[in-house]
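Hi,

Here is the structure I said I'd pass on to you. Have a look at it first, and then read on for what turned up in it.

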Amino acid sequence: MINYRIITYVFGIILFLYLLNYFIYSTVGFSYYDFYLYYNKISNLNVDVIFFGHFQPIIFIYKIIDIIFGFHGLIILKSFFLILPFIFFYRLIGLGHALFYLLFPYIFINSFVNFNLETIAIFLIILFIYYFEKKEYLLSAFSLLLCILIKEIYVINLIIASILFLINRNYKIFVTLIICSLFFIYFFFNFIYINSAQ
């Protein structure tokens, strides 16, 4: 059954975020470090860009959107990633919690005055918590593993999550996450960090 109310909410919020973001960009601009740096990386995407500064394969999704829809598509994509948790909370708990999510300071700042590639990580981390509490550990671990494709710093989340699985005596997932974490750290320091100005 189609829930027209949630479709109306989502469409209205995305439209509002898009118009507000476009207004901010047209008048005062996004912050230089986030928007202009990332948009430059998206516009000039090649293999070297993927391995410079941050490891962010997710940037390919943004590149495809940029090719098809241009700058406006990137704002809508960012808004869509921020709206996914809103839908999640609305369907699971209700409108009050969904609106509280949108007004949470980090979400608010990323919604209205900022641009980066990490908005999808918010939804993935929420999924991790949701599946972990439902004891669907494989889906929980997979949700968090996907975060590595967004930015290398999320390997910290993997290490912390592995401790949670260890406490729950899920040793297979614990070992898997630790191995993935160590492999990624080794990969990062040997192939990315040495080529980075950071």
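Let's start with isoleucine 64, which you'll find in helix H4, residues 59–69. Together with Ile67, Ile68 and Phe69, Ile64 makes a nonpolar surface patch of about 460 Å². Before you go further, keep in mind that this is a predicted model.

Now the overall picture. The chain has 11 helices and zero strands, so if you read along the sequence, the pattern is simply α-α-α-α-α-α-α-α-α-α-α. There are 198 residues in the chain, and 47% of them count as buried.

Helix H6 is a nice one to look at if you want to see two sides of a helix. H6 runs over residues 95–103, and Ala98, Tyr101 and Leu102 are buried there. Why do these three go together? They cover an arc of only 100° around the axis, which puts them on the same side of H6. As a reminder, an α-helix has 3.6 residues a turn, so residues three or four places apart point the same way. Turn to the other side of H6 and you'll see Gly96, Phe100 and Leu103, which are exposed.

Helix H8 (residues 119–133) is another matter. Of its 15 residues, 11 are buried, so H8 is largely enclosed by the rest of the structure. Among the buried ones are Ile120, Phe123, Leu124, Leu127, Phe128 and Tyr131. The length of H8 works out too: at 1.5 Å a residue it should span 21 Å, and its end C-alpha atoms are 22 Å apart, which agrees.

What comes right after H8 deserves a look as well. Lysine 135 follows H8 and sits in the loop between H8 and helix H9 (137–145). Its phi is positive, about 65°, although lysine 135 is not a glycine. Lysine 135 is also exposed, with a relative accessible area of 58%.

There's a second residue of this kind further along. Arginine 169 has a positive phi near 60° and is likewise a residue other than glycine. You'll find arginine 169 in the loop between helix H10 (155–167) and helix H11 (171–191). At 66% relative accessibility, arginine 169 counts as exposed.

How many salt bridges does the count come to? Just one salt bridge. It joins the side chains of lysine 134 and glutamate 136, at 3.9 Å from N to O. Both partners come out as partly exposed: lysine 134 has 44% relative accessibility, and glutamate 136 has a relative accessible area of 31%.

Last, the cysteines. How many disulfides does a search of the whole structure find? The search finds zero. For the two cysteines I looked up, cysteine 147 is buried, at 0% relative accessibility, while cysteine 180 is partly exposed, with a relative accessible area of 28%.

If you'd like a place to begin on screen, try H6 with its buried Ala98, Tyr101 and Leu102, then go on to H8 with its 11 buried residues, and finish at the loop that holds lysine 135.

Cheers

Notes: Residues numbered from 1 in each chain as written. Predicted model: local features only at pLDDT ≥ 70, side-chain atom pairs only at ≥ 80, totals over all residues. Heavy atoms only, no water. Buried < 20%, exposed > 50% of the residue type's maximum accessible area, 1.4 Å probe, protein only. Helix = DSSP H or I, 4+ residues; strand = E, 2+ residues; numbered from the N terminus. Arc of directions from axis to C-beta. Disulfide = S-S within 2.5 Å. Patch = residues over 30% accessible without salt bridge, like charges linked within 9 Å, V, L, I, M, F, W, Y side chains within 5 Å. Areas by Shrake-Rupley, 256 points an atom, 1.4 Å probe, with all protein chains shown as cover. Salt bridge = Lys/Arg side-chain N within 4 Å of Asp/Glu carboxyl O. Expected span 1.5 Å × (residues − 1).
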